Amino acid sequence: MEILAKGIIEKNITENEEAKVHESEELRGKGGLRSLPFIMGNEIFERVAGAGLSANMIRYLTESYHMSPTNSSIIMNVSSGVSNILPIFGAYLSDAYFGRFLVLTFCSIIFLIGNTLLWLTTLMTQSGTSNSCIPKSGNCNSGSATVPRLALLGFALAFMSVGSGGLKPCNMAFGADQLSNCKNKSTLQKYFNIYYSIVGLSFIFAIGVIVPIQDKFGWRVGYLIPVVLMAISIVLFLSGSSLYIKKKGNKSLLNELWPVIKKAFENRHVKLPPKVDDGLYFGYEIQVPSEKLSFFNKACIISNTKEPKVPSQYLCAVEQVENLKTVIRILPIWSASIIMSLFMSQNFATLQALKMDRHVFPWFQIPPASFGIFSVITMTIWSGGYNRFILPLIKKITNNTIGLSQKQRIGIGIIIGILAMAVSAIVENYRRRFIISSARWLIPQFALLGLAEAFAIIGQIEFYYNELPKSMKSFGVALFSLGMGIANMVMSGILKTIKNLSRVGGRRGWLTDELNDGRYDYYYWVLAGLGVLGFGWFVVCSRVYGEEGKNKYWDDDEEGDSQVIH
């Protein structure tokens with residue numbers, strides 16, 4: 001009977017090796033560095049187009065649709081939440097069915113349609129200038145927030161969210177696919193570094209160039225530019241089609257993990273042996289599962305004694321079981337890290353800047369939506385100098401060869417995020433009391449948020465990268481995106497709750513249409529308080545998780561080597 005079990009394993013290994021040989025023959029002469037300019041060019045134009053639309057969106061909704069700041073922020077958070085949650089499904093469709101090239105092509109076109117529909121909303125007003133409709137100014141045309149125009153806005157945001165759902169999980173991975181034949185591992189690492197640099201520079205360009213154009217020439221011109229850029233992006237991407245490695249969709253992480261849950265539940269009445277190595281388990285390279293979360297070992301056990309039995313039906317492999325355990329172990333850390341994404345979801349600083357003096361020189365003032373550039377600059381400078389300047393100092397202070405662990409960096413980032421919310425509350429309180437008038441007082445809160453991101457967000461991504469096996473690296477990116485989406489949705493609920501509760505008893509409320517009439521500083525204090533609670537939950541989850549790197553069942557250098565774990 002043991003021979004039969006081994007026969008099943010050898011058959012699967014042989015089939016995998018034959019598939020790899022066939023795939024390598026098909027991909028010969030494809031990909032490589034020559035294909036990257038088309039992919040990276042597509043990424044640059046797509047990122048600039050997306051950032052150019054979203055950076056000034058809250059101002060567009062309040063001025064052109066004369067929505068309240070709260071409702072505008074809720075719409076933005078819901079749209080961003082959907083855009084960040086859908087990549088889970090986009091990744092699944094590309095991995096399991098269509099492949100990344102088809103998903104990228106289709107979703108790029110969908111995103112372009114969304115951009116175009118959003119631009120068309122600017123044509124449905126009497127004037128396309130950015131100051132054509134300012135609430136309570138008496139300069140609003142009556143047709144600017146009609147039902148057809150609101151419907152068109154809804155369709156535009158929906159198309160853009162669906163497009164983002166396919167672009168976000170596939171763009172970077174498709175570029176990495178082109179380097180799958182490169183033997184030099186440093187080439188792939190350089191690609192990732194360039195990719196993240198492009199993301200930051202694209203955001204800086206969008207805020208520094210497109211937003212000022214929107215302010216100077218109006219929404220019609222300002223929102224037409226992202227449409228043109230996205231069209232160029234698609235043309236550039238498709239022009240390199242003949243050079244790409246186009247891997248077909250044939251498997252998905254969900255297809256590997258769900259059977260483990262299902263099989264373990266089916267075998268819930270099976271008694272496990274006292275020790276894991278007392279049973280016979282089904283596996284490829286790993287023959288014995290870990291003792292942690294042992295209930296799921298029932299999905300791969302062939303026999304609970306040394307006497308093997310023929311499996312009644314196909315069992316999950318030990319590797320699948322351990323992958324599911326790894327996901328379950330990191331979920332508490334993931335849930336605790338969502339608070340940082342919550343800090344990044346607040347949108348009122350643009351409207352605050354509108355009420356303040358933004359002049360740098362008598363002849364130049366910073367556009368209100370461009371203050372976010374200080375977050376990006378801070379994050380870029382800190383991240384760029386961390387390994388070279390900061391890390392050696394931390395090693396010297398802590399007498400630790402690794403400096404700060406990923407969990408410590410996440411925790412520090414959350415603390416800095418709390419401080420950023422507190423500073424935001426203080427600055428808003430001083431602004432509404434006219435103690436300060438210069439928008440330069442907004443820079444510290446943006447800089448602190450950028451520093452918090454450099455610690456918490458990058459630390460979170462590196463935590464997933466280090467704690468997940470190579471076959472699940474993309475799952476870590478999807479988890480981060482899902483956390484951002486959930487934070488956006490939670491922020492919408494928080495805004496609605498604060499708005500309603502603060503109006504109880506006929507009071508004016510904190511989140512009023514006119515910033516000076518409300519108490520937006522209280523809103524920031526609520527976020528800071530939630531941050532304190534979130535940090536406490538993070539500390540608990542970190543202690544439960546234990547030391548980083550101790551839950552690995554694989555070797556980072558030789559992940560395919562046979563191992564026995566305990």
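Begin by selecting leucine 293, a partly exposed residue with a relative accessible area of 36%. The model on display is a predicted one. Leucine 293 belongs to the loop between strand 1 (280-281) and strand 2 (301-303). Its backbone merits a check in the torsion display: phi is positive, at about 50°, although the residue is not a glycine.

**Helix 3 and the loop after it**

Select histidine 66 next. Here, too, phi is positive in a residue other than glycine, with a value near 35°. Histidine 66 sits just after helix 3, in the loop that leads from helix 3 to helix 4 (69-85). With a relative accessible area of 35%, histidine 66 is partly exposed.

Extend the selection back to helix 3, residues 57-64. This helix is mostly covered, eight of its eight residues being buried. Among them are the charged residues Arg59 and Glu63, as well as Tyr60. Show the side chains of Arg59 and Glu63 together with Asp215: a network of salt bridges links the three. Then add Tyr65, Trp219 and Tyr223 to Tyr60, and a cluster joined by ring pairs comes into view.

**Helices 6 and 7**

Which parts of the chain does the pair of phenylalanine 101 and phenylalanine 174 tie together? Phenylalanine 101 is in helix 6 (residues 100-122) and phenylalanine 174 in helix 7 (residues 147-177), so the pair connects parts that lie 73 residues apart in sequence. The two rings form a tilted aromatic pair, with 6.2 Å from centre to centre and 35° between the planes. Phenylalanine 101 and phenylalanine 174 are both buried. The whole structure contains 22 aromatic pairs.

Keep phenylalanine 101 selected and add lysine 246. The charged end of lysine 246 is placed over the ring of phenylalanine 101, 4.2 Å from the ring centre. A second arrangement of a charged residue and a ring can be found by selecting arginine 268, which lies over the face of phenylalanine 265 at 4.1 Å from the ring centre.

Return to the two helices and select arginine 100 and aspartate 177. Their side chains meet in a salt bridge, 2.6 Å from N to O. This pair also links distant parts of the chain, with aspartate 177 in helix 7 and arginine 100 in helix 6, 77 residues apart. Both aspartate 177 and arginine 100 are buried.

Further along helix 6 is serine 108. Is serine 108 buried or exposed? Its relative accessibility is 3%, so serine 108 counts as buried. Beyond its neighbours within four places in sequence, serine 108 is in contact with Asn42, Leu167, Met230 and Ile234.

**Helix 14 and its partners**

Now move to helix 14 (406-432) and select arginine 409 with glutamate 462. Side chains of opposite charge can pair when their charged atoms come close. Arginine 409 and glutamate 462 form a salt bridge whose closest N and O atoms are 2.9 Å apart. The pair joins helix 14, which holds arginine 409, to helix 15, which holds glutamate 462, across 53 residues. Arginine 409 counts as buried because its relative accessibility is 8%, whereas glutamate 462, at 30%, counts as partly exposed. In the whole structure, a search finds eleven salt bridges.

Another salt bridge is found by selecting glutamate 428 and arginine 431, with the closest N and O atoms 2.8 Å apart. These residues are three apart in helix 14, so about one helical turn separates them. Both glutamate 428 and arginine 431 are buried.

Isoleucine 418 is also in helix 14, and it counts as buried because its relative accessibility is 15%. Leaving out neighbours within four places in sequence, its contacts are Phe343, Ala528, Gly531, Val532 and Phe535. For a distance label, use isoleucine 418 and leucine 448: these residues are 30 apart in sequence, with 9.4 Å between their C-alpha atoms.

**The nonpolar patch**

For the last stop, switch to a surface display and select Ile426, Tyr430, Ile435, Tyr522 and Trp525, which make a nonpolar patch of about 470 Å². Helix 14 and helix 17 (520-545) each supply at least two of the patch residues. Isoleucine 435 comes from the loop between helix 14 and helix 15 (443-467). This isoleucine 435 is partly exposed, at a relative accessible area of 48%.

Conventions
Residues are numbered from 1 along each chain as its sequence is written. This is a predicted model: local features need pLDDT of at least 70, side-chain atom pairs count only at pLDDT 80 or more; totals for chains, interfaces and linings use all residues. Side-chain values use heavy atoms; hydrogens and water are left out. Patches are made of residues with over 30% relative accessible area and no salt bridge: like charges are joined within 9 Å, nonpolar side chains (Val, Leu, Ile, Met, Phe, Trp, Tyr) within 5 Å. Accessible areas come from the Shrake-Rupley method with a 1.4 Å probe; for residues, only the protein chains shown count as cover. A salt bridge is a side-chain nitrogen of Lys or Arg within 4 Å of a carboxyl oxygen of Asp or Glu. Helices (H or I, at least four residues) and strands (E, at least two) are DSSP runs, numbered from the N terminus. Buried means under 20% relative accessible area, exposed over 50%, partly exposed in between (1.4 Å probe, protein chains only). Rings of Phe, Tyr and Trp (its six-membered ring) pair if their centres lie within 6.5 Å; planes under 30 degrees apart count as stacked, over 60 as edge-to-face and the rest as tilted. A charge sits over a ring if NZ of Lys or CZ of Arg is within 6 Å of the ring centre and within 35 degrees of the ring normal. Contact means heavy atoms within 4.5 Å.
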